[in-house]
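Work through the following exercises with the sequence and the structure side by side, and try each task before reading its solution.

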Amino acid sequence: MLDESTLRALSEDFTKRYGVRVEPVRLVTADLIQRYSAEASTGKSAADIMLLTDSGFFADALAKDWITPIAQQDLPPAADTFPEEYLTHDGSAAVVSLIPSEMVINSDETSDTPSDWDAYADPQFKGKLMLTKPDSSPANIAFWSLMKQQFGDGFLEQIAANQPQFMSSAVPLTQGIAAGEAQVGFPGVAAIVNNLTKQGAPVQLVSLAPTTGPEAALALSENSPNPAGAKLLASYLMSEEGNTLLNDDSDGISPYDPEGTKRFTRVENINLADSAQINALLGVN
């Protein structure tokens, strides 16, 4: 979700402003939930705050008294400015970053940068299209459900006619695009693309609308070792200045960004389709 460089930038800026040192621990979502649960179940949480992909885990953690509802905390100035619609799970957590699913292209092989999702159905990309398997993640199902909702079943069938290659995840997909095995692909993940770009690979993100993707949410530990510091850090991440730094550095969309949020459709507003139906429409074997 957030790479090491983004965590360092946020920690350094926060410490410079408030004189409070931050010790971030970065784990993939499943490992983070497992570790946090193991610690919180003892009644002594080692973490002051938790930032991870929004899911039902927050409601479960609230029910078990592992987290304290962030909406009930006094967090000036964030409490006065943070958009209320981004408080989730009855105010137990705050969505601080929208992570858009983007298109990825080989910038050497693609002469004209696509301007809309129709490129996936353009016959010029027949045999030159690479997608991750739709059911490889909830974010993928949400995206293709959005495409189905917006453009109809026929759009997905047109994409299938372009004989896309299906990959297991975004990492081999992006590497394949960089190697010229395909010209356009989905999804484009900023952290993966940026890492390859730094190495000189000819890959480029293309931001299109409408889109959707994971949402990163922030929660406060009920038994925080440093409750005052936790509230200060949460307020910083929910303030417009701190939140903008978080999202600018990670290529996310801030809840304070009206243009960005306009092109991002939240999962709660998507009619999620059955994964088997999406697979059939896209021609997944």
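## Exercise 1: Two residues with unusual phi

Task: Decide whether Asp251 is buried, partly exposed or exposed, and describe the backbone at Asp251 and at Asp90.

Solution: The model is a predicted one, and the reasoning begins with accessibility. Asp251 has a relative accessibility of 39%, so Asp251 counts as partly exposed, since that class lies between the cut-offs of 20% and 50%. Asp251 is placed in the loop between α10 and α11 (258-263), and its phi is near 65 degrees, a positive value in a residue other than glycine. Most residues other than glycine have a negative phi. Turning to Asp90, we find it in the loop between β3 (87-88) and β4, where its phi is near 55 degrees, again a positive value in a residue other than glycine. Asp90 has 80% relative accessibility and therefore counts as exposed.

## Exercise 2: A helix pair

Task: Work out how helix α1 is oriented relative to helix α10, and name the residues that make the contact.

Solution: Begin with the axes of α1 (residues 4-18) and α10 (residues 240-250), which come within 9 Å and cross at roughly 155 degrees. Angles over 145 degrees count as roughly antiparallel, and therefore α1 is roughly antiparallel to α10. The crossing in which α1 passes α10 is right-handed. On the side of α1, the contact is made by Ser5, Thr6, Ala9, Leu10, Asp13 and Arg17, while α10 contributes Glu241, Gly242, Leu245, Leu246, Asp249 and Ser250. Sorted by character, the residues of this contact comprise four nonpolar, four polar and four charged.

## Exercise 3: The nonpolar cores

Task: Find which members of the largest nonpolar core touch the most other members, and which element gives the most to this core.

Solution: The largest nonpolar core has 39 residues, and those that touch the most other members are Met50, Phe58, Ile70, Leu218, Leu237 and Met238. At least two residues of this core come from each of α1, α2 (29-40), β1 (49-53), α3 (57-63), β4 (93-98), β10 (215-221) and α9 (227-238), and α9, with six residues, gives the most. Take Met238 as an example: leaving aside residues up to four places away in sequence, Met238 touches Ile70, Leu75, Ala78, Phe82, Leu87, Ala94, Val96, Leu218 and Tyr256. A second core, separate from this one, has 25 residues, among them Phe125, Leu146, Ile159 and Ile278.

## Exercise 4: Three prolines

Task: State whether Pro69 is buried or exposed, and locate the cis peptide bonds that lead into Pro187 and Pro210.

Solution: Pro69 lies in the loop between β2 (67-68) and α4 (78-81). Its relative accessibility is 15%, so Pro69 counts as buried, the cut-off for that class being under 20%. Not counting residues up to four places away in sequence, Pro69 touches Leu62, Gly91 and Ser92. Pro69 and Arg21, by comparison, are 48 residues apart in sequence, and their C-alpha atoms are 24 Å apart in space.

For the other two prolines, the step to take is to look at omega. Phe186 and Pro187 are joined by a cis peptide bond with an omega of about 0 degrees, and Pro187 is found in strand β8 (residues 184-188). The peptide bond from Ala209 to Pro210 is also cis, with omega near -5 degrees, and Pro210 lies in the loop between β9 (203-206) and β10. Most peptide bonds are trans.

Technical notes
Residues are numbered from 1 along each chain as its sequence is written. This is a predicted model: local features need pLDDT of at least 70, side-chain atom pairs count only at pLDDT 80 or more; totals for chains, interfaces and linings use all residues. Side-chain values use heavy atoms; hydrogens and water are left out. Axes are lines fitted to C-alpha atoms, for helices over the stretch in contact, and angles run from 0 to 180 degrees between N-to-C directions. Helices (H or I, at least four residues) and strands (E, at least two) are DSSP runs, numbered from the N terminus. Angles under 35 degrees count as roughly parallel, over 145 as roughly antiparallel, 65 to 115 as roughly perpendicular and the rest as oblique. A crossing is left-handed if the near helix is turned anticlockwise from the far one by less than a right angle, and right-handed if clockwise. Contact means heavy atoms within 4.5 Å. Ala, Val, Leu, Ile, Met, Phe, Trp, Tyr, Cys and Pro count as nonpolar, Asp, Glu, Lys and Arg as charged, and the others, Gly among them, as polar. A nonpolar core is a set of buried Ala, Val, Leu, Ile, Met, Phe, Trp, Tyr and Cys residues joined through side-chain atoms within 4.5 Å. Buried means under 20% relative accessible area, exposed over 50%, partly exposed in between (1.4 Å probe, protein chains only).
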